[in-house]
Structure formats: structure tokens, C-alpha cells
Amino acid sequence: MLQDDFKQMLKEKGLKVTRQRILVLETLATCDDKHLTVEEIYEIVKADYPDIGLATVYRTIQLLLSLDMIESMQLGDGSVRYEIGKSRIKDAHRHHHLICLKCGDVVSFCNDLLDELESQIYTLQGFRVVNHELKLYGYCKKCLKDRQTD
């Protein structure tokens, strides 16, 4: 469905549906839990389409961002990372990121415990939250285990 939406959006804007653009979108869709950088996306796409250039991947990422098909995020490692925009997925739940301070592993956490807080903010302040992003920093199970054995 995502690919069909993308093709339709491109056509509506008078833009070409190219193999490179589809491959970038497919890479993000199939690697959704990895939070890829542009360079990582490029390496994955290049394996299937060796003629693609890094500049093409950058332009495609910018296009996908402008169409709200993907979201960008910074997870504290100095790189901008990308994932399929959750607002584009029907019935998608907000998700947050757990970031290990030792190994740098990033895990998506899909249980949104902030709904009650948002409700209270609206009741107390008259402010309706429409989106939020939460990053929690700590240590993953493996790194916690390693720390206990040190």
C-alpha cells in the first residue's frame, strides 16, 4: 500500500516514478526497525542497483520527507536517521526509541504511556498535543549483563 501511495503522490505532483525512488522507499519499509542513515540506505540500494549515486539517494530522501512519507530523527550519535512515517500507516501507534549508551543500539518501543499525560495537559492548560517524540537513554539487556560481570 505504501508503494502505491508513493507512486500516486509522485504522479499527482508531476514527478517520475523511478526504480531508484521505489528502491529507497522499499529499503526504508523493509528495514523499519533499523533507523538508517542516508549512507546506509545508499549501501543497501546499491547492492541491488549498482548505478545509483549517493546524491540520488539524498534527493529521494528529501522528496520522501517533503511528501511526509518518512520521518527524520536524531538519536544522539551525530547522524540523521530515517524511518517510514508512522502517520502514513493506518492505525499506527506512536513509538519511541530506547537508546543504549554503551553499544548505541536503538530499539523502538511501541507502548504509548503518554496518552493520559496529554489528556491532563489539555484539561489543565487547554493545550492539545498532536504529536510527541520520546527518547529514553540507558543500557540494553546485553550491556547491563556485561556491566554486572565487569
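Aromatic pairs come to zero here by the ring-pairing rule used. Keep in mind that this is a predicted model. A ring does turn up in another kind of contact, though: the charged end of Arg128 sits over the ring of Tyr122. Beyond that, there's a buried arginine to look at, plus the second largest pocket.

**Rings and charge**
- The count of aromatic pairs is zero.
- For Arg128 and Tyr122, the charged end of the arginine is 4.0 Å from the centre of the tyrosine ring.

**Arg81 and its partners**
- You'll find Arg81 in strand β2, which covers residues 80-84.
- Is Arg81 buried or exposed? Arg81 counts as buried because its relative accessibility is 13%, and the cut-off for buried is under 20%.
- The side chain of Arg81 has a polar contact with the side chain of Glu40, at 3.3 Å.
- Arg81 also puts a polar side-chain atom 2.9 Å from the backbone oxygen of His35.

**The second largest pocket**
- This pocket has a volume of about 160 Å³.
- Which strands each supply at least two residues of its lining? Those are β3 (96-100) and β5 (135-138).
- Leu98, Ile99 and Cys100 are among the lining residues, and so are Leu136, Tyr137 and Gly138.
- The lining also includes Asp105, Val107, Tyr139, Cys140 and Lys141.
- Sorted by class, the lining has eight nonpolar residues, one polar and two charged.

Methods
Residues are numbered from 1 along each chain as its sequence is written. This is a predicted model: local features need pLDDT of at least 70, side-chain atom pairs count only at pLDDT 80 or more; totals for chains, interfaces and linings use all residues. Side-chain values use heavy atoms; hydrogens and water are left out. On a 1 Å grid over the protein atoms alone, a cavity is a set of points where a 1.4 Å probe fits but cannot get out, and a pocket is an open set with protein on both sides within 12 Å along at least five of seven lines; lining residues have an atom within 4 Å of a point. Grid points are joined across faces, edges and corners, and a volume is the space filled by probe spheres set on the points. Helices (H or I, at least four residues) and strands (E, at least two) are DSSP runs, numbered from the N terminus. Ala, Val, Leu, Ile, Met, Phe, Trp, Tyr, Cys and Pro count as nonpolar, Asp, Glu, Lys and Arg as charged, and the others, Gly among them, as polar. Rings of Phe, Tyr and Trp (its six-membered ring) pair if their centres lie within 6.5 Å; planes under 30 degrees apart count as stacked, over 60 as edge-to-face and the rest as tilted. A charge sits over a ring if NZ of Lys or CZ of Arg is within 6 Å of the ring centre and within 35 degrees of the ring normal. Buried means under 20% relative accessible area, exposed over 50%, partly exposed in between (1.4 Å probe, protein chains only). A polar contact is a pair of N or O atoms within 3.5 Å; within protein, one must be able to donate a hydrogen and the other to accept it, and residues adjacent in sequence count only if both atoms are side-chain atoms.
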